[in-house]
Amino acid sequence: MNNARILGIAGWSGSGKTTLITKLIPYLAGRGIGVATLKHAHHAFDVDTPGKDSYEHRKAGACEVIVSSARRWVQMHEVGDGLEATLAQLLRRLSPCDLVLVEGYKTEQHPKIEIFRRAVGKTPLHPEDNRIVAIASDEKFPAAGIPTVDINDIAAVAELILARAEPLEKVIAALESGSPAVS
């Protein structure tokens, strides 16, 4: 069983989700917290390089390819015309860690912190999503009823994430049942 806790990082494209995560990971790791990330891509993507053996194996029709070395291993699973894996299915595949940060999946029913920047020109997500449990922003939301921190204060964002993250098994069970695991 993985005793990790999970929190999503949700926001519109261009709001700074990836930038924030790449600042949070070393901060949290420096505190001895093992962080795993799960990123949703809305488009076709490839992590392999044409001409490499693993790429050629996949393109030849292998349904799954594992590449391993002394420093890392990666598993690529071809979906083809099948269904995209659910967030719960992917979370079940994670190795034990302390904290899982999920980037994207903004419409899923897992706990999330909203990343909001006024300059993006979109409306906030939190008024329409009761699974947004906190906000990191360049503006204040006094009427939101949930904690809000300055998006540029990495220590404050990290503390908020640690305080609001929920147990992984509880979140997976809620995702699989179709009902949110409200704390």
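What covers the buried residues of H1? The structure is a predicted model, in which local features need pLDDT of at least 70 and side-chain atom pairs count only at pLDDT 80 or more, while totals for chains, interfaces and linings use all residues. Residues are numbered from 1 along each chain as its sequence is written, and side-chain values use heavy atoms, with hydrogens and water left out.

Helices (H or I, at least four residues) and strands (E, at least two) are DSSP runs, numbered from the N terminus. Helix H1 comprises 13 residues, 17-29, and its end C-alpha atoms lie 18 Å apart, in agreement with the 18 Å expected when the span is taken as 1.5 Å times one less than the number of residues. Lys17, Leu20, Ile21, Leu24 and Leu28 of H1 are buried (under 20% relative accessible area, against over 50% for exposed and partly exposed in between, with a 1.4 Å probe and protein chains only). These residues are on the same side of H1 because they cover an arc of only 95 degrees around the axis, the arc being that of the directions from the helix axis to the C-beta atoms. Their cover includes strands S1 (5-10), S2 (35-39), S5 (99-103) and S6 (112-116), together with helix H4 (154-164), where contact means heavy atoms within 4.5 Å.

In helix H5 (residues 168-177), the buried residues are Leu168, Val171, Ile172, Ala174 and Leu175. Their arc of only 165 degrees around the axis puts them on the same side of H5, and they pack against S1, helix H3 (87-92) and strand S9 (166-167). Just after H5, Gly178 takes a positive phi of about 85 degrees.
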